[in-house]
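The following exercises concern the interior of a protein chain and the packing of its helices. Please work through each task before reading its solution.

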Amino acid sequence: METPLKDKGPEHVDFVVVRENTGGIYTGVGGVTQKGTPLEVATQVMQYSRPVVERCVKYAYEYTRRRNSKKKMLTLVHKCNVLTHCGDLWVRVHKEMGDAHYPEIKQDYNHVDACTMWFVKQPEYYDVIVTENLFGDIITDLAAIIQGGLGIAAGGNINPEGVSMFEPMGGSAPKYTGKNVINPLATICAGGMMMDTLGEPQIAQAIDKAVHDALASKQIKSLAAGKMGMGTREVGDLIAKMVS
C-alpha cells in the first residue's frame, strides 16, 4: 500500500514548528482527590497568560518574516473548538498581532488532529507553525519522522531575550554510551540552529549544506543508530570535511 509520503522530497517537507515550552498543561497545576478509592478524581489544568502567548506568537511571526520562504504563512495549531478558553486566547493573539504588525504574513489555523493528517498527506502546505506546549510536543515527533527520523531532528529551547539551549530532539540514549553508534546529525543540526540564533546565518547555512551533501553522497547508509555504515565519530568527521 503506497503512502501519501511516497514521492515527497526536500522541496515538500520544509517547515518549522515553534512550540511554546513554559506554560500549558505541563506546568503541573491540578491534583488528585480521594486517591486510591473508587471515586478518585484527577485534575490537570491547561493555563496560559496573555504575555506567555504573545511572547511565543511574536517570535513565530518574526521567524516567519525572516525565513526564506515564498509562502510567508504562519499556521496556528490548537483545538479551539473544544479547548474554548485557552484556544480562544491563542486564536485572538494570533489574529490581533498579525493584523497589527505583520500584514504581509498570511494567517492560517489548523485543529491539531487535522494538522497530523496534513503533515502526512500534504506537508508542502506548511511554512511556519506555532502551537502550545502539549500539541507541540506531539506534532514535532511526527514532523521529525516525516523528514527522516529523530536522528536528524534538531531542536532548540529559545529565549528571545536571554540564554537559549539547543539539542537533538531525540534526547539522550544511555544504552549507547561509548559505543560509537549514535547518529550525530541531529546534534550537528542543533549546532547550526544555534549559530543562526546567534546571528551567524552563513555558518548555519554551511552546516546545513554539509549535512545535505553528506546524505546525498549515500555514504551514510541509514539514519538509525548502529545502521549508518560508519560510527558516530566517522559521521562527524565526514560532515566536518564537507563544511565550506
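Three exercises on this predicted model follow, each with a worked solution.

**Exercise 1. The nonpolar cores**

Determine which residues of the largest nonpolar core touch the most other members, and which elements give two or more residues to this core.

Solution.
- Step 1. The largest nonpolar core has 22 residues, and Val 18, Trp 90 and Val 130 touch the most other members.
- Step 2. Two or more residues come from each of β1 (16-19), α1 (50-66), β4 (73-78), α2 (86-101) and β6 (128-131). With 7 residues, α1 gives the most to this core.
- Step 3. Apart from this core lies another one, of 12 residues, which include Phe 15, Cys 115, Phe 135 and Ile 139.
- Step 4. Val 130 can then be examined individually. Neighbours within four places in sequence being left aside, Val 130 is in contact with Val 18, Cys 56, Val 57, Ala 60, Leu 74, Thr 75, Leu 76, Val 77 and Trp 90.

**Exercise 2. The crossing of α1 and α2**

Classify the crossing of α1 and α2 by angle and by handedness, and describe the contact by class of residue.

Solution.
- Step 1. The two axes come within 10 Å and cross at roughly 45°.
- Step 2. Angles under 35 degrees count as roughly parallel, and 65 to 115 as roughly perpendicular. The angle of roughly 45° therefore makes α1 oblique to α2.
- Step 3. The crossing of α1 and α2 is right-handed.
- Step 4. On the α1 side, the contact is made by Arg 50, Val 53, Glu 54, Cys 56, Val 57, Lys 58, Tyr 61 and Arg 65. On the α2 side, the residues are Leu 89, Trp 90, Arg 92, Val 93, His 94, Glu 96, Met 97, Gly 98 and His 101.
- Step 5. Sorted by class, this contact has 8 nonpolar, 3 polar and 6 charged residues.

**Exercise 3. Two loop residues**

Decide whether Gly 23 is buried or exposed, do likewise for Arg 67, and list what each touches beyond four places in sequence.

Solution.
- Step 1. Gly 23 is located in the loop between β1 and β2 (30-33), while Arg 67 lies in the loop between α1 and β4.
- Step 2. Buried means under 20% relative accessible area. Gly 23 has 7% and is therefore buried. Arg 67, with 14%, is buried too.
- Step 3. Residues up to four places away not being counted, Gly 23 touches Gln 47, Tyr 48 and Asn 133.
- Step 4. On the same basis, Arg 67 touches Asp 14, Phe 15, Val 16, Lys 72, Asp 127 and Val 128.

Key:
Residues are numbered from 1 along each chain as its sequence is written. This is a predicted model: local features need pLDDT of at least 70, side-chain atom pairs count only at pLDDT 80 or more; totals for chains, interfaces and linings use all residues. Side-chain values use heavy atoms; hydrogens and water are left out. A nonpolar core is a set of buried Ala, Val, Leu, Ile, Met, Phe, Trp, Tyr and Cys residues joined through side-chain atoms within 4.5 Å. Buried means under 20% relative accessible area, exposed over 50%, partly exposed in between (1.4 Å probe, protein chains only). Helices (H or I, at least four residues) and strands (E, at least two) are DSSP runs, numbered from the N terminus. Contact means heavy atoms within 4.5 Å. Axes are lines fitted to C-alpha atoms, for helices over the stretch in contact, and angles run from 0 to 180 degrees between N-to-C directions. Angles under 35 degrees count as roughly parallel, over 145 as roughly antiparallel, 65 to 115 as roughly perpendicular and the rest as oblique. A crossing is left-handed if the near helix is turned anticlockwise from the far one by less than a right angle, and right-handed if clockwise. Ala, Val, Leu, Ile, Met, Phe, Trp, Tyr, Cys and Pro count as nonpolar, Asp, Glu, Lys and Arg as charged, and the others, Gly among them, as polar.
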